[in-house]
Amino acid sequence: MVKGESHMAVKPPRDPQDVGYTWPTILAVAVHLLVVIFSLVKLPSMSAEPDSSSIVQATFVSTETFTDQAQQVTEQQAAMNNASEPEEPDPEPPSDEPSAAEQQAAAEAGQREAEAKAAEQARALEQAQAEAEAEAQRRAEEAERLAEQQAAEAQAREAEEQRAQAEAEAQRQREAEAERARAEAEAQRQREAEEQRAREEEAQRAREAEAQRQREAEEQREREAEAQRQREEEARRQREAEEQRAREAEAQKQREAEERRAAEAAEAAMQRQLAGEAEAAANAQQAQQAANSFINIVRRAVEQAWVIPPGASNAMSATIQVRLGPSGELLATSVASSSGDSAFDRSAMQAVEHAAPFGELRDLSAEQQRTLRQFNLRFTPGDVR
Amino acid sequence: MNDNTMSIPHLIMSASVVVQLVMLLLVVGSILSWVVIFQRSIALRRAKQEYNQFEESFWSGVDLNELYREIPADDPRHGAEHIFQAGFREFNRLMPKTRSADTVLEGVQRSMRVAWSREEDRLTQHLVFLATVASASPYIGLFGTVWGIMGSFQSLSMTQQATLATVAPWIAEALIATAMGLFAAIPAVIFYNRLSNNASRLLGKYEDFAEEFHAILHRNLQGRDGKPSAS
């Protein structure tokens, strides 16, 4: 063993017992990481577990499905929503193409027609021009002839007129002299008459002014009265118009209100119908929940009352059919499917009997009661002791 | 939802600052205590192995002078070797100076006691830290829990209804501090007991060895006044 001793002596001095801190640190951190990982991984599985560990499972003999009704309601609504939509865009597309073709054809025809018409017009124009020229020539000739005739007539008439003028002048000179004499006398008379007339006129004018003034005053009064009347008339008309308008507005409002009420009533009726259906579905769901809670209560009670016989193994399971009275009292229990161990079956039946009066049944609706009066309970020990 | 709000990381993140500090302190304490646990375990196991090896070579009938000479003088050894070295060096130094066996034995014993006391100090170092963590961390965790529950009740007074659902996350969050305190304390307690027991057993063995060595020297001195040799 001297060899071993010498081997020991060769070792580096501080190494053997002064252990470094690197490895312990790494190990310590690793331990903590492991713990953290375990705490993260294990928790979800732990929370998922407890659901499956119930030892008594209850199954209905009969349950109603409520999902169909709800689906019907939603389908109906969907159908109603869809019904109004898809009509509009249909008629457009077929009319589109023919019209285009037609338009093109019409346009071509129109063009052709227009060309024909233009040609015709041109032809007509030429003809008309020719005719107009012929006419113009004819008319010019006629006018020439007429002018010559007229010139001859005019010369004859001029000579005659000159003679008549000379005669008329002499006559006029004579007449003018007589006239002048008469005029002087006349002027004298006239001046007197004029003075007379001026005086009369003045008096007349004063009277007339008076009358005028009176008339004007009267007219003024009349006008005022008229204006007054008109104003009154106007006011009356306005009032009437206003009343009329108010009446019309009222009538309009009433009509609108009626229409609105009718629309609302219709909508409300529809909604009530929908709501009724939805409510029926909701009721069914509620009833289902109530039934579930009742079954849960029964299950709890039976679980608590169940004394698992010592020989029971986890694989055993017994189904007990339970019939209840109307107020929840136990009428009969029978073994629907046996576990093979009579003690086990008996313990299950005793558990039901101990838990027996299920008074919660009375809280349910009549229909629910009828369906829940008979149900099966399956007993499996599971891992709960 | 429930899973998410009640998961441990979520609870830790949503805790108040004081509780989070407490948790941090506890995590640090736990990590340090585990460092000490590993370091001490390895060191003690090695010390035990070395003691066994030395004891075997010591009792194999080898000459003590030779054994002493194989240990380099300037290289301080540990464990039983250290005690043997100290005692034998003292014996060699005293032998030429005095004829009195009692004086020699007294000096040897004193130097061996000093060496033993150094060994004790070396073996049990850091174990006090483990003891501290073991005894203090439950209280620290409890402090965090109390603080968290205080906060939870303060915030509970603001709400209208105090249902179990509103109280539960707060209390769970507060209780995590206690859980962490216990998590740090339990290994510390267990390993403190185990390691200090190991160390004291090893120290007992050193003491036994010192006594035996002392007995050998004593026997040699009684037989003849010359130099001691192996028994």
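The following exchange discusses a predicted model of a complex.

Visitor: Which ipTM does the predictor give the complex?
Guide: Two scores are given for the complex as a whole. The pTM is 0.43. The ipTM is 0.74.

Visitor: Which element of chain B has the highest mean pLDDT?
Guide: Chain B averages a pLDDT of 84, and 91% of its residues score at least 70. Among its elements, helix α1 (residues 2–6) of chain B has the lowest mean, 55. The highest mean, 91, belongs to helix α3 (residues 17–58) of chain B.

Visitor: Where in chain B does pLDDT stay under 50?
Guide: The stretch concerned has ten contacts in the model beyond four places in sequence. It comprises residues 226–231 of chain B.

Visitor: How many helices and how many strands does chain B have?
Guide: Read along the sequence, chain B follows the pattern α-α-α-α-α-α-α-α. Its secondary structure therefore comes to a count in which strands are zero and helices are eight.

Visitor: What percentage of the 127–150 span of chain B is helix?
Guide: UniProt, in an unreviewed entry, lists residues 12–38, 127–150 and 170–192 of chain B as "transmembrane region". In the model, the end C-alpha atoms of residues 127–150 of chain B are 35 Å apart. This span is 0% strand, and its helix content is 100%.

Visitor: How far apart are the end C-alpha atoms of residues 20–41 of chain A?
Guide: UniProt places a "transmembrane region" at residues 20–41 of chain A, again in an unreviewed entry. Over these residues the chain is 91% helix and 0% strand. The distance between the end C-alpha atoms is 33 Å.

Visitor: Which residues of strand β2 of chain A point to the buried face?
Guide: Along β2(A), residues 318–324, the side chains alternate between two faces. T319(A), Q321(A) and R323(A) point to one face and are not buried. The buried residues, which point to the other face, are A318(A), I320(A), V322(A) and L324(A).

Visitor: Which residue is the bridge partner of Q321(A) in β4(A)?
Guide: Strand β4 (residues 374–379) of chain A runs antiparallel to β2(A), and six bridges join the two. In β4(A), Q321(A) has as its bridge partner N376(A).

Visitor: Which residue in the turn of the hairpin formed by β2(A) and β3(A) has a positive phi?
Guide: β2(A) pairs with strand β3 (residues 330–337) of chain A in the antiparallel sense over six bridges, and V322(A) stands opposite T333(A). The hairpin has five residues between its strands. The turn residue, with a positive phi of about 95 degrees, is G328(A).

Visitor: Why are the buried residues of α5(A) on the same side?
Guide: Helix α5 (residues 342–354) of chain A reaches 18 Å from its first C-alpha to its last. In α5(A), F344(A), D345(A), A348(A), A351(A) and V352(A) are buried. They lie on the same side of α5(A) because they cover an arc around the axis of only 120 degrees.

Visitor: Which residues on the other side of α5(A) are exposed?
Guide: The exposed residues on that other side are two. They are S342(A) and A343(A).

Visitor: Is H126(B) buried or partly exposed?
Guide: Most residues other than glycine have a negative phi. H126(B), in the loop between α6 (101–123) and α7 (127–156) of chain B, has a positive phi of about 70 degrees although it is not a glycine. A residue is buried if 20 or more other C-beta atoms lie within 10 Å of its own. Because H126(B) has 16 within 10 Å, it is partly exposed.

Terms used:
Residues are numbered from 1 along each chain as its sequence is written. Chains are lettered from A and ligands numbered from 1 in the order in which they are written. This is a predicted model: local features need pLDDT of at least 70, side-chain atom pairs count only at pLDDT 80 or more; totals for chains, interfaces and linings use all residues. UniProt positions are given in the numbering used here, feature names are shortened, and annotations may be inferred rather than shown by experiment. Helices (H or I, at least four residues) and strands (E, at least two) are DSSP runs, numbered from the N terminus. A residue is buried if 20 or more other C-beta atoms lie within 10 Å of its own, exposed if 12 or fewer, and partly exposed in between; C-beta atoms are placed from the backbone. Two strands pair if DSSP finds at least two bridges between them. The expected span of a helix is 1.5 Å times one less than its number of residues. The arc is that of the directions from the helix axis to the C-beta atoms. pLDDT is the predictor's confidence in each residue, from 0 to 100. Two residues are in contact if their C-beta atoms, placed from the backbone, lie within 7 Å.
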